[in-house]
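Me: Please show me the structure, and settle the terms before we discuss its charged pairs.

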Amino acid sequence: MSGRTIDSGSAAWEPAQPATTKLGPDEVHVWRISVRQPPPVLERWRVLLTAEERARLERFRFPDDATRELVSRGALRAALGAYLGVGPATVTFATEEKGKPVLATVPAAGRIEFNTSHAGEWVLLAFAHGRPVGVDVERWREVDSADLVRGYFSPGEIAEWESLPEATRIEGFFNGWTRKEAYLKALGVGLAKPLDSFQVRLAPGAPAGLVADRDDPEAGTRWKVWPVPVGPGYAGAVVAPRGIDGARWFAWA
């Protein structure tokens, strides 16, 4: 079953499997996977991991954290294998200079870029053909959002957040945080780039977007931000170059 191309966070997820979908050259696919997978699925994904990845799972203090990591790594290999037409066990990764994971080898059809994020009960995977992509998900929780906004957000974001009604400020904060994280991940720079060096829109219900980046005057016209409709109590975002036509949302069936 194919997904629906949309530009807002209001659409429903389309149940599908990676094996039944094709990644178009000018689109982003975002997959939402529940961490509550049946034991046989978890075991099938576990055997796909390298010895180093399995050892990392053993080091997690809390079982839920280990499960999220397992689902993220296992589903990533399964999806990439389906897109590339190869067995998931043959999918191998390398790390770029700034720490961003990439496919170890570039297939004849061109590189598939990917990014992952997980929080609470959900894992998100994002894919694009030969174009950088970043994705982030956060579960709403009690945080000192005022201190975080004033400590890490840009002046424009602070002003927008302070203009929000009190009841929507926690949603506005997590909108901003996920959009900022997704942009950094798309750039492949991580926290080496200060969070206050660029501005995203964060008001609930308003269009998402990158307003400005003091290191790149053209960033606002070169990057697109989509809110990801993860579910109640969650905020999500995916960022890709504006040459991408649309984002497609798939629920891993």
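Reply: Buried means under 20% relative accessible area, exposed over 50%, and partly exposed in between, with a 1.4 Å probe and protein chains only. This is a predicted model, in which local features need pLDDT of at least 70 and side-chain atom pairs count only at pLDDT 80 or more, while totals for chains, interfaces and linings use all residues. Residues are numbered from 1 along each chain as its sequence is written, and side-chain values use heavy atoms, with hydrogens and water left out.

Me: How exposed is arginine 150, which forms a salt bridge with glutamate 162?
Reply: The two side chains meet at 3.1 Å, N to O, a salt bridge being a side-chain nitrogen of Lys or Arg within 4 Å of a carboxyl oxygen of Asp or Glu. Glutamate 162 is partly exposed at 36%. Arginine 150 also falls in the partly exposed class, its relative accessible area being 45%.

Me: How far apart in sequence are the parts tied together by glutamate 27 and arginine 248?
Reply: The closest N and O atoms of this salt bridge are 3.0 Å apart. Glutamate 27 belongs to strand S3 (residues 27-34) and arginine 248 to strand S13 (residues 246-252), strands being DSSP runs (E, at least two residues) numbered from the N terminus. The pair therefore ties together parts whose separation in sequence is 221 residues.

Me: Is arginine 169, the salt-bridge partner of glutamate 166, buried or exposed?
Reply: The closest N and O atoms of the pair lie 3.5 Å apart. Glutamate 166 counts as exposed at 62% relative accessibility. Arginine 169, with a relative accessible area of 17%, is buried.

Methods:
Helix = DSSP H or I, 4+ residues; strand = E, 2+ residues; numbered from the N terminus.
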